[in-house]
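Work through the exercises below with the structure open beside the text. Each one sets a task and then solves it step by step.

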Amino acid sequence: MTDSVKLAFNPEGTPASAQGFSAIGVHAGFRPDPDRLDMALVVADEPCAAAATFTTNVFCAAPVRVSREHLDEGAPGKPAYGCARAVVINSGIANAATGERGLETARATCDIVGEAVGCPASEVLVASTGVIGQHLRLEPFAAGVPAALAVMAAVPTAEERAAQGLTAARAIMTTDTRPKHGAVTFAGDGIGYPGATFTVGGMAKGAGMIMPNMATMIAVITTDAPVAAPDLSAALTAAVSKSFNKVTVDSDTSTNDTCFALASGAAAPEGPAFAPGTPAFAAFQAALDKLTTTLARAMAADGEGATRLITVTVRGAATADDADAAARTVANSPLVKTAVYGHDANWGRVAAALGRSGAQFGQEDVDIDILGLPVCRAGLVVDFDEDEALRRFEEPEVAIEVDLHAGEESTTMWTCDFSHEYVTINGDYRS
């Protein structure tokens, strides 16, 4: 990206922030509480480029399989892209482990949305989140989708559109305590699109059953930049690999993990598509990276029962895989996570996790810092001020930094602490 391109983040942004898209959340009836939003709908003005990444969990949900079909994914884990007009998401029931009946329901959902929007069912992408093993009723879609579209069609003001986008972000929540959304904008000046302003907006949900192996729990990202579907897929995969795939709350990969991206091109309807290797594409990738990283950090910070966001950075690894393994093992360690909850700078737990991670290094070379305090040097304890450590634990983010001194590779992962509340939430989830 050229130095002249500046990215601006809007924390109030949503998938409706990009030109050419509308988004809304409604109560359709998947949940018994009439005041709780439980269905989100994102609609493009016209069919547009679409891409996605999906869970690699073999026990994948019916909507994952159907959306894969609609985006012509040849096999799980392969690039998935094509054309889409709408995305529909329900919360409360995952439609996972539901057999052929679940697949029929997911396909019928696309039929309902396609008929209401005015597009083929193959241009509808579907996702579900909630309890596994329960069947999903079609009646809420049949009632909720037309109702949502009727509100969208009322030609809302800019403020009303923004408010509708926020309802979409709330409608996909399960155990989340707050919606996760935002938008990033950048100017086309200096990158071949003078006078244009491009936006990448999105929303995500996720607080538990989180260690993505593709993307996030559920996310929808839109952009009004002109990006062809194959290039959108490549950009999304690159962004996911360093954001959503670097989040873990409890080391469990969901059956429903899905991240959709849609590109309308509405901000530059007469211009050529952004081409990989150009300043314009680099600016788009940077904006996408910023948005996905922000959403990923928000998910880690909102982990079930969490009181602290934990950032684990590993430097000096021999390989990228070693860096990831070391950071992931520390981030997933229940002993590390409970130590943070207890405000205990117990670096021995970090060292033990590193040692079983499979990363190659010498223990006599390892340095560890917690909250900016050196606690281990060359594999040995360093005296530190325990009172100062306790004071620093009052911050909302706890940084754990490791240098393996075994190479040049590095990575960062985000997680959260484990509290008593995590057990309470997951022990009572289905009720």
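**Exercise 1.** Determine whether Glu-69 is buried, partly exposed or exposed, and then find its charged partner.

*Solution.* Begin with the classes: buried means under 20% relative accessible area, exposed means over 50%, and partly exposed lies in between, all with a 1.4 Å probe and with protein chains only. Glu-69 has a relative accessible area of 41%, and therefore belongs to the partly exposed class. Before going on, note that this is a predicted model, in which local features need pLDDT of at least 70 and side-chain atom pairs count only at pLDDT 80 or more, whereas totals for chains, interfaces and linings use all residues. Residues are numbered from 1 along each chain as its sequence is written, and side-chain values use heavy atoms, with hydrogens and water left out.

Next, look for a salt bridge, that is, a side-chain nitrogen of Lys or Arg within 4 Å of a carboxyl oxygen of Asp or Glu. Glu-69 makes one with Arg-107, and their closest N and O atoms are 2.9 Å apart. Because Glu-69 belongs to helix α1 (residues 62-70) and Arg-107 to helix α2 (residues 99-117), the pair ties together parts that are 38 residues apart in sequence. Helices here are DSSP runs of H or I with at least four residues, strands are runs of E with at least two, and both are numbered from the N terminus.

Finally, turn to the partner: Arg-107 has a relative accessible area of 31%, so this residue is partly exposed. Arg-107 also meets the side chain of Glu-100 in a salt bridge, at 3.9 Å from N to O, and Glu-100 is partly exposed at 48% relative accessibility.

**Exercise 2.** How many salt bridges does a search of the whole structure find, and which residues pair within helix α7?

*Solution.* The search of the whole structure gives 13 salt bridges. Within helix α7 (residues 320-332), Arg-328 and Asp-324 lie four residues apart, about one turn of the helix, and their side chains meet in a salt bridge at 3.0 Å, N to O. Arg-328 counts as buried at 17% relative accessibility, and Asp-324 is also buried, with a relative accessible area of 17%. Elsewhere, salt bridges that share partners join Asp-176, Arg-178, Lys-180 and Asp-302 into one network.

**Exercise 3.** Is strand β2 enclosed or open, and with which strand does β2 pair?

*Solution.* Take the count first: six of the six residues of β2 (residues 21-26) are buried, so the strand is largely enclosed by the rest of the structure. Then consider the two sides separately, with Phe-21, Ala-23 and Gly-25 on one and Ser-22, Ile-24 and Val-26 on the other, where all are buried and both faces are covered. Two strands pair if DSSP finds at least two bridges between them. Strand β2 is joined by six bridges to β3 (residues 39-54), and the two run antiparallel; in β3, Val-43 is the bridge partner of Ser-22.

**Exercise 4.** Trace the order of the open sheet of six strands, and identify the strands at its edges.

*Solution.* The strands follow the order β13-β12-β11-β14-β10-β15, with mixed pairing. At the edges stand β13 and β15 (409-416), each with a single partner strand, so one side of each is left without a neighbour in the sheet. The antiparallel pairing of β12 (residues 373-377) with β13 rests on two bridges, and the bridge partner of Cys-376 in β13 is Val-381.

**Exercise 5.** Where do His-343 and Leu-371 lie, and what is the sign of phi in each?

*Solution.* As background, most residues other than glycine have a negative phi. His-343, in the loop between α8 (334-341) and α9 (347-355), has a positive phi near 60°, and this residue is partly exposed at 21% relative accessible area. Leu-371, in the loop between β11 (367-370) and β12, also has a positive phi, near 55°, but Leu-371 is buried, with a relative accessible area of 11%.
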